[in-house]
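Work through these short exercises with the model open. Try each task before reading its solution.

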Amino acid sequence: MNRRTWIKLGGMGVTSFLLPTQSVDFLFSKKTIPTKLSAQAFGKDFLWGAACAAYQVEGAWNKDGKGPSIWDEFTHKKNKIHKGENGDVATEFYKNYKADIALLKEMNFGVFRFSISWSRIFPSGTGKINQKGVEFYHKVIDECINNDIEPWITLYHWDLPQALQQEGGWANRKIISWFNEYVAFCTKTFGSKVKNWMVMNEPAAFVGLGYMLGYHAPGIKNPFKFLKATHHVCIAMADGGRIIRQNVADANVGSTFSCSHIEPYTDDPILSYKDVAAAKRMDALLNRLYIEPSLGMGYPIDSLPALKRIERYYEPGDEERLKFNFDFIGLQNYFRVVARKSMFVPFLKAKQISAEERNVPMNEMKFEVYPEGIYKVIKQFSKYDIKNIIITENGVCYEDVLLGNRIHDSKRIEFFETYLEQVLKAKNEGAPVNGYFVWSLTDNFEWSEGYEPRFGLIHVDFRTQKRTIKDSGYWFKDFLRIE
Ligand code: NOJ
């Protein structure tokens, strides 16, 4: 059995191991889980979608004039990705987009969230446009519209043009103007057809894993570059929002944030204050760092004093420039974080106690399955002055076994039932949550974990590219059926 190390951003240096191959007994059970929820309970305007990201699905990494991205570069290096896999081919969404959109429609979803690959449009990051790349996204958008599916576009889902990384990437302040050029082009080009835009995807993940822990592209481990990149990302996110609003009539502008319910490990009344403080620092880093500047609250330096150094990178006017009044905030929830004080972790002085150590239910990537967590993060973010919350990603990876033509993924169905129950609970208590997008439409390339974790509602045989809707996909089809 293949065991390997997975170090989560929340772990900040804590190592845990992936699950041993899970028992597949449950797959043979005839039991079907009764549907307790109804989509109607969420209201008729609630949005139901499924999501994906360019690098994880498109393939065609060097076709039709596309330039290399940092993920092409990173995955082509040795020992970066599980089994040496890469996104060169992925699910060939570049070729198969029509079939995938048809399957999305078959499952009764009304929204498709996908991202644009910056280097497919600007092969060198700025300047010369690749017309074939532009045509591709027009085709994807048109296919959605012709099928009554609303396209929701993410502008940056982690695949920076490699040419810009050579200039320092997000750690170089010039990236703000490079990014602005890209956003301006995309919104002017596609803005008459697409109204829903997300500027960035999970900055805490791509900056933390890419510039601090080095597990993701570009593979840098440098706290100063991490802070610089953080500041530039936050400005670019707000600038990006302004550009969208300027170029797209009736735009719905958002950005997405990874978020986890965080709690201290120790209940002990004498010892707990240290873990309570550790949980607070973790919360500042993982949940608050990227959203609070846009809300005009600045960086959460009070809760995590090690962030103070970020002020060195300020230029006049930055304080104002960091603010942007998003129309919606995308929340993406995958696990709970249980925090403990640790003097061995630089900067944060806190570590995560893994799901495995706590012996709680986990998915294939050792993320804790904890439905109440989504309720708690929705409540936490509802305390901010936010107009609209959309769950732009939520989902789970389990080992899926193809039996004939079916995949009986009853654990995934149970996951959606229990998480959706919690989303509804938050909504019924007044949280402004108005949409839920499944991660992911199809199985795909899961970054440093390669193709092993399968998050899709649609199974992909990566040798033949054959798609098979899983039972969870049929569950959604039924759940979203319009009577
Ligand atoms: C969040 C990221 O946006 C997505 O790209 C990734 O595949 C999922 N988390 C699952 O890890």
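**Exercise 1: a salt bridge and its surroundings**

Asp 100 has a relative accessibility of 1%, so this residue counts as buried. The model is predicted.

Task: Find the salt-bridge partner of Asp 100 and state which elements the pair links.

Solution:
- Step 1. Asp 100 pairs with Arg 467; their closest N and O atoms are 2.9 Å apart.
- Step 2. Asp 100 sits in helix α3 (residues 93–106), and Arg 467 in strand β17 (residues 466–469). The two are 367 residues apart, so the pair links distant parts of the chain.
- Step 3. Arg 467 has a relative accessible area of 16%. Buried means under 20%, so Arg 467 is buried.

**Exercise 2: a pair within one helix**

Task: Classify Asp 239 and Arg 242 as buried, partly exposed or exposed.

Solution:
- Step 1. The two form a salt bridge, with 2.8 Å between the closest N and O atoms.
- Step 2. Both belong to helix α9 (residues 223–247), three residues apart, about one turn of the helix.
- Step 3. Asp 239, at 7% relative accessible area, is buried. Arg 242, at 31%, is partly exposed.

**Exercise 3: the ligand**

Task: Identify side chains with an N or O atom close to a ligand oxygen, then state how much of the ligand the protein covers.

Solution:
- Step 1. Gln 56 places a side-chain N or O atom 2.7 Å from a ligand oxygen.
- Step 2. For Trp 447 the distance is 2.9 Å. For a polar side-chain atom of Trp 439 it is 3.2 Å.
- Step 3. On its own, the ligand has 290 Å² of accessible area; the protein covers 95% of that.
- Step 4. The surrounding shell divides into five nonpolar, four polar and three charged residues.

Key: Residues are numbered from 1 along each chain as its sequence is written. This is a predicted model: local features need pLDDT of at least 70, side-chain atom pairs count only at pLDDT 80 or more; totals for chains, interfaces and linings use all residues. Side-chain values use heavy atoms; hydrogens and water are left out. A polar contact is a pair of N or O atoms within 3.5 Å; within protein, one must be able to donate a hydrogen and the other to accept it, and residues adjacent in sequence count only if both atoms are side-chain atoms. Accessible areas come from the Shrake-Rupley method with a 1.4 Å probe; for residues, only the protein chains shown count as cover. Ala, Val, Leu, Ile, Met, Phe, Trp, Tyr, Cys and Pro count as nonpolar, Asp, Glu, Lys and Arg as charged, and the others, Gly among them, as polar. A salt bridge is a side-chain nitrogen of Lys or Arg within 4 Å of a carboxyl oxygen of Asp or Glu. Helices (H or I, at least four residues) and strands (E, at least two) are DSSP runs, numbered from the N terminus. Buried means under 20% relative accessible area, exposed over 50%, partly exposed in between (1.4 Å probe, protein chains only).
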